[in-house]
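Dear colleague,

Please find below the structure that I am handing over to you, followed by an account of what was found in it. I would be grateful if you could read the two together.

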Amino acid sequence: MASLTPLYQIQSIFHYKTNYPQFSTHQFRSNFFFQKKLSFSSFSRMPPMKQSTVIISATSAAAEKKRHPGESKGFVEEMRFVAMRLHTKDQAKEGEKEVTEPEERAVTKWEPSVDGYLRFLVDSKVVYDTLEKIVQDAAYPYYAEFKNTGLERSASLDKDLEWFKEQGYTIPEPSSPGLTYAQYLTDLSQNDPQAFICHFYNIYFAHSAGGRMIGKKIAGQLLNDQALEFYKWDGDLKQLLQNVRDKLNKVAEEWTREEKDHCLEETEKSFKFSGEILRLIPS
């Protein structure tokens, strides 16, 4: 099917003016047929009628078509809108999801344990290690756009796990939620770049928002307010995030609408995998 339907022209005559006198039908008949004061040659010299042309096209119809939510602000805003809808009301005012799992409740209602939190950190590190390796290897050229953004978390998690060891805690081995997600990301990055970018965005941006709330809750309740490196960034976080937004929007400009929609459709899977890792905290 062609991407644009043909143009249709509708011509409508609104009015025309002449310098000829007005006359009735009766006068016309008598003058023309009998008195012959008007001739066919007179009509041939009449000025052209003014016309107005209305053009209806698929492009104008498309312009009036309802945009995707956030589309006018760039593709990142589209991703943000879809992600917010998958939050619960406790998690975000734009949330629409019903609370069904402990990690979907507001962070203030969580009942975490140090052991559960350590499992969360270990599995999170597996995921961040994988993300950073994918970006460095850059199976698709535009992955390289996201090298050294300042949002990387793997090195910070190394420091935090070392700190826990110094406090006498045993660091657990990675478990199924983190390993499964890491393998999924690896496969996706090779075969489905638009879907991979969805996960990339949601992992890093969620940690910069809700993730920080989790860190503050854990620090206050379990770690004597010890601030972990996982929740610290070198430089201004807002600017780091904006730099990545700009890169994501630029990459998405090369995508078709179908590719963008496919990326958005992956959001629910991103939440599912991340949720399984979050579930380790209150376990």
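Helices α8 and α9 run roughly antiparallel to each other, because the angle between them is about 160° and angles over 145 degrees count as roughly antiparallel. Please note that this is a predicted model. The axes of α8 and α9 are 12 Å apart, and the crossing of these two helices is left-handed. On the α8 side the contact is made by Ile197, Phe200, Tyr201, Phe205, Ser208 and Arg212, which meet Leu237, Leu241, Val244, Arg245 and Leu248 in α9. By class, the residues of this contact divide into 8 nonpolar, 1 polar and 2 charged.

Helix α8 also packs against α11, with an angle of about 45° and a distance of 10 Å between the axes. These two helices are therefore oblique to each other, and their crossing is right-handed. Here Cys198, His199, Asn202, Ile203 and Ile214 of α8 meet a set of α11 residues, namely Thr267, Lys269, Ser270, Phe271, Phe273, Ser274 and Leu278. The residues of the contact between α8 and α11 comprise 6 nonpolar, 5 polar and 1 charged.

A further helix, α4, covers residues 75-85, and its buried residues are Phe75, Val76, Glu78, Met79, Ala83 and Met84. Those buried residues pack against α8 (193-222), α9 (237-252), α10 (257-265) and α11 (267-278).

Two residues may be considered together, beginning with histidine 207, which is found in helix α8. Histidine 207 counts as buried because its relative accessibility is 7%, and the cut-off for buried is under 20%. Apart from neighbours within four places in sequence, histidine 207 is in contact with Tyr128, Arg153, Arg212, Phe230, Tyr231 and Trp233.

Tyrosine 231, one of those partners, is found in the loop between α8 and α9. With a relative accessible area of 15%, tyrosine 231 is likewise buried. Its contacts, again leaving aside neighbours within four places in sequence, are Tyr117, Phe120, Arg153, His207, Gly211, Arg212, Ile214 and Gly215. Arg153 and Arg212 thus appear among the contacts of both histidine 207 and tyrosine 231. As for backbone positions, the C-alpha atoms of tyrosine 231 and methionine 213 are separated by 9.4 Å, and the two residues lie 18 apart along the chain.

The cysteines also deserve a remark. How many disulfides does the structure hold? The number is 0. Cysteine 198, which is one of the α8 residues that meet α11, is in no disulfide, and the nearest cysteine sulfur is that of cysteine 263, at 4.7 Å. Cysteine 263 is in no disulfide either, and the nearest cysteine sulfur to it is that of cysteine 198, 4.7 Å away. Why are these two not counted as a pair? A disulfide requires sulfur atoms within 2.5 Å, so a separation of 4.7 Å does not qualify. Cysteine 198 counts as buried because its relative accessibility is 0%, and cysteine 263 is buried with a relative accessible area of 0%.

Yours sincerely

Technical notes: Residues are numbered from 1 along each chain as its sequence is written. This is a predicted model: local features need pLDDT of at least 70, side-chain atom pairs count only at pLDDT 80 or more; totals for chains, interfaces and linings use all residues. Side-chain values use heavy atoms; hydrogens and water are left out. Buried means under 20% relative accessible area, exposed over 50%, partly exposed in between (1.4 Å probe, protein chains only). Helices (H or I, at least four residues) and strands (E, at least two) are DSSP runs, numbered from the N terminus. Contact means heavy atoms within 4.5 Å. Axes are lines fitted to C-alpha atoms, for helices over the stretch in contact, and angles run from 0 to 180 degrees between N-to-C directions. Angles under 35 degrees count as roughly parallel, over 145 as roughly antiparallel, 65 to 115 as roughly perpendicular and the rest as oblique. A crossing is left-handed if the near helix is turned anticlockwise from the far one by less than a right angle, and right-handed if clockwise. Ala, Val, Leu, Ile, Met, Phe, Trp, Tyr, Cys and Pro count as nonpolar, Asp, Glu, Lys and Arg as charged, and the others, Gly among them, as polar.
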